[in-house]
Amino acid sequence: MLDAEADLQSTVPTLRRVAAIDIGTNSTHLLVASVDAKLKTFSIIQAEKSTTRLGERDPETGALSEAAIQRGFETLRRFRDLAHSHQVEQILTAATSAVREAPNGRDFLQLIKDELGLDVDLISGPEEARLIYLGVLSGMTFGDRPHLLLDIGGGSTELILADGRDARALTSTRVGAVRLQRDFVKDDPIPPHRRAFLQAFIQGSLEPAVDKVRRRIKPGETPVLVATSGTAMAIGTLAAQEEDRPPLKLNGYRVTRQRLDAVVEKLVALTPSQRRELSSLNERRAEIIVPGALILQTTMQMLGADELILSERALREGLIVDWMLRHGLLEDRFTFQSSIRQRTVIHQVQRFAVNQKRAERVAAHALTLYDHTHGVMHHDDGQGRELLWAAAMLHACGQHINLSAYHKHSWYLIRHGELLGYSEAEHLMVAAIARYHRRSLPKKRHESWQALRNRQSRRLVNEMALLLRLAAALDRRPEPVVSSLRVKAHPMSLDIELHSERKNQNLSLEKWSLESCIDVVRDALGVNLKVKVQD
């Protein structure tokens with residue numbers, strides 16, 4: 001992993017700023033991003049949303065209403081000025097189904113061009129699906145499994161089958177939360193017979209898309225279902241509120257089919273005014289959440305999925321990734337995907353002014369210990385290695401706040417920071433590994449320990465934190481003095497031999513520092529640690 005990051009050595013990064021605007025059926029979104037040309041990644045500087053309701057078209061002609069055009073125009077003027085205030089070099093603007101289907105949609109885009117100077121791409125359904133794929137890809141690691149991406153918009157629903165290399169199937173269906181609310185919901189709460197009709201309509205509409213992706217799933221594959229969009233996020237928030245310790249972020253959060261069904265049943269039974277009282281729903285979302293929830297539930301049933309994972313990234317981020325590809329800042333999608341975890345960690349290293357060379361030395365020692373101590377210091381099957389590397393790279397980031405008890409500050413910064421490509425559970429473990437690399441062992445009363453979801457996570461954190469503790473103990477000086485470690489693991493004992501960078505170099509400080517961990521290792525694992533310096 002460290003070799004893979006050789007081209008990411010800390011230098012002064014070349015930053016470029018770009019904005020993306022998504023003109024949707026229900027809302028218009030702005031995203032301002034800082035693109036690091038050296039690191040080949042981007043971070044979000046500002047995100048804004050305005051409920052423009054372009055989907056509320058003339059019932060007779062299907063044209064965008066004057067009120068909707070005015071709302072959209074004023075929002076775009078504000079978003080343009082905000083983007084320019086960040087000195088972006090380009091504003092990428094895309095319009096989706098509401099504008100695409102309206103007879104006067106192109107007139108609206110010409111008005112935007114003439115009055116605001118914005119060139120808007122009127123993208124097709126498949127192109128919308130492709131951009132959603134790129135957006136999700138930028139914030140989630142796919143590994144070796146194919147993923148089914150579901151984006152429920154106001155006017156259309158995109159279903160994509162993809163892996164880390166390419167999209168196998170891109171589909172777009174004209175069924176969305178706003179469209180269904182407008183066309184089918186006359187009474188609210190929806191009567192049982194009307195709900196059954198609506199579910200049958202959704203199933204019939206989505207059947208061609210579901211059949212297409214099913215045909216392209218290879219024998220033996222079990223795809224991961226990922227849901228994105230305002231509907232999915234709103235339902236995810238409601239599901240998370242049922243937890244004892246709700247997640248800080250929804251990206252990577254898992255919702256079981258059982259919990260989703262419970263949320264849907266609750267929403268269907270509420271009146272519009274009762275839904276508006278829910279803290280997680282704004283007024284407009286409360287109006288359209290039921291048909292959106294039924295799309296999500298029906299699709300999950302049709303796919304036979306037991307759970308879904310939420311992604312906060314979608315079309316807007318996809319516009320940024322597409323811009324990076326077109327400007328030569330990414331070689332290809334697979335390159336971006338294959339190193340997403342490393343890139344997001346290095347980005348945080350730079351953000352918190354961590355000494356990257358020292359962090360890389362600690363990480364290298366930690367991985368050496370990991371590779372040679374299986375069955376003695378840890379019993380991990382491979383997952384912990386990447387978590388250990390990430391924690392090693394970020395273990396000292398708390399020094400950015402204060403040197404005193406910096407391991408606690410490190411936990412806070414990692415916990416509340418952005419680690420793309422890591423699930424919520426993995427994010428918590430990385431933060432906890434960094435937290436326990438020094439001072440006391442985990443205690444039940446610690447917030448960082450309580451946040452871990454299960455016994456397996458706690459055991460992994462405990463083992464990886466001890467390895468990081470040993471590796472960090474060798475980082476006593478600004479310049480490297482330990483070139484390598486010779487590690488011999490025996491039942492209930494561990495021998496570590498230190499090799500110096502230069503001949504006759506004194507390593508007594510490092511030996512003393514490592515020996516200070518003897519009691520902790522013995523207390524935690526019952527392992528006897530012995531340290532020597534190469535003769």
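## Strands, sheets and a few helices

Let's start with one pair of residues: Arg254 stands opposite Ile309 in β11. This is a predicted model, where local features need pLDDT of at least 70, side-chain atom pairs count only at pLDDT 80 or more, and totals for chains, interfaces and linings use all residues. Residues are numbered from 1 along each chain as its sequence is written, and side-chain values use heavy atoms, with hydrogens and water left out.

A few words on the names. Helices (H or I, at least four residues) and strands (E, at least two) are DSSP runs, numbered from the N terminus. Two strands pair if DSSP finds at least two bridges between them. Strands of a sheet pair through backbone hydrogen bonds, either parallel or antiparallel.

**The six-stranded sheet**

Back to β11. Its pairing with β10 is antiparallel and spans three bridges. Both belong to an open sheet of six strands, in the order β8-β7-β6-β9-β11-β10, with mixed pairing. Which strands sit at the edges? They are β8 (167-173) and β10 (254-256), each of which pairs on one side only. Ignoring direction, neighbouring strands of this sheet are turned by 25 degrees against each other on average. For angles like this, axes are lines fitted to C-alpha atoms (for helices, over the stretch in contact), and angles run from 0 to 180 degrees between N-to-C directions.

Further along the order, β9 and β11 run parallel and are joined by two bridges, with Ala227 opposite Leu310 in β11. Strand β6 (residues 147-152) also runs parallel to strand β9 (residues 224-228), through five bridges. Here Leu149 has Val226 in β9 as its bridge partner.

Helices lie across this sheet too. Helix α6 (residues 192-215) lies across β6, β7 (157-162) and β8, and runs at about 180 degrees to β8. Helix α8 (residues 257-269) lies across β10 and β11 (307-310), at about 75 degrees to β10.

**Another pair of sheets' worth of strands**

Strand β1 (residues 15-23) runs antiparallel to strand β2 (residues 28-36), with nine bridges between them. A hairpin of four residues links β1 to β2. On its pairing with strand β4 (residues 91-95), β1 runs parallel, over five bridges.

Now for the open sheet of three strands, ordered β12-β13-β14, again with mixed pairing. Its edge strands are β12 (482-490) and β14, each pairing on one side only. From one strand to the next, the twist averages 20 degrees. β12 pairs with strand β13 (residues 493-500) in the antiparallel sense, over eight bridges. Helix α14 (residues 356-372) packs on this sheet, touching β12 and β13, and its direction makes about 20 degrees with that of β12. Touching, or contact, means heavy atoms within 4.5 Å.

Here are some facing residues from the strand pairs:

| Residue | Partner | Partner's strand |
|---|---|---|
| Asp22 | His29 | β2 |
| Ile21 | Thr93 | β4 |
| Lys488 | Asp495 | β13 |

**Two crossing helices**

How do helix α7 and helix α10 cross? The axes of α7 (residues 230-240) and α10 (residues 283-303) come within 9 Å and cross at roughly 95 degrees. That makes α7 roughly perpendicular to α10; angles under 35 degrees count as roughly parallel, over 145 as roughly antiparallel, 65 to 115 as roughly perpendicular and the rest as oblique. Residues in the contact include Gly230 and Ile235 of α7, and Arg285 and Leu296 of α10. By class, the contact has six nonpolar, three polar and one charged residues. Ala, Val, Leu, Ile, Met, Phe, Trp, Tyr, Cys and Pro count as nonpolar, Asp, Glu, Lys and Arg as charged, and the others, Gly among them, as polar.

**Three residues to look up**

Is Thr344 buried or exposed? Thr344, in helix α13 (residues 340-351), is buried, with a relative accessible area of 5%. Buried means under 20% relative accessible area, exposed over 50%, and partly exposed in between (1.4 Å probe, protein chains only). Leaving out residues up to four places away in sequence, Thr344 touches Glu418, Leu419, Leu420 and Tyr422.

Tyr412, in helix α16 (residues 406-416), is partly exposed at 45% relative accessible area.

Val533, from strand β14 (residues 528-533), counts as partly exposed at 24% relative accessibility. Val533 touches Glu497, Leu498, Leu507 and Lys511, again not counting residues up to four places away in sequence.
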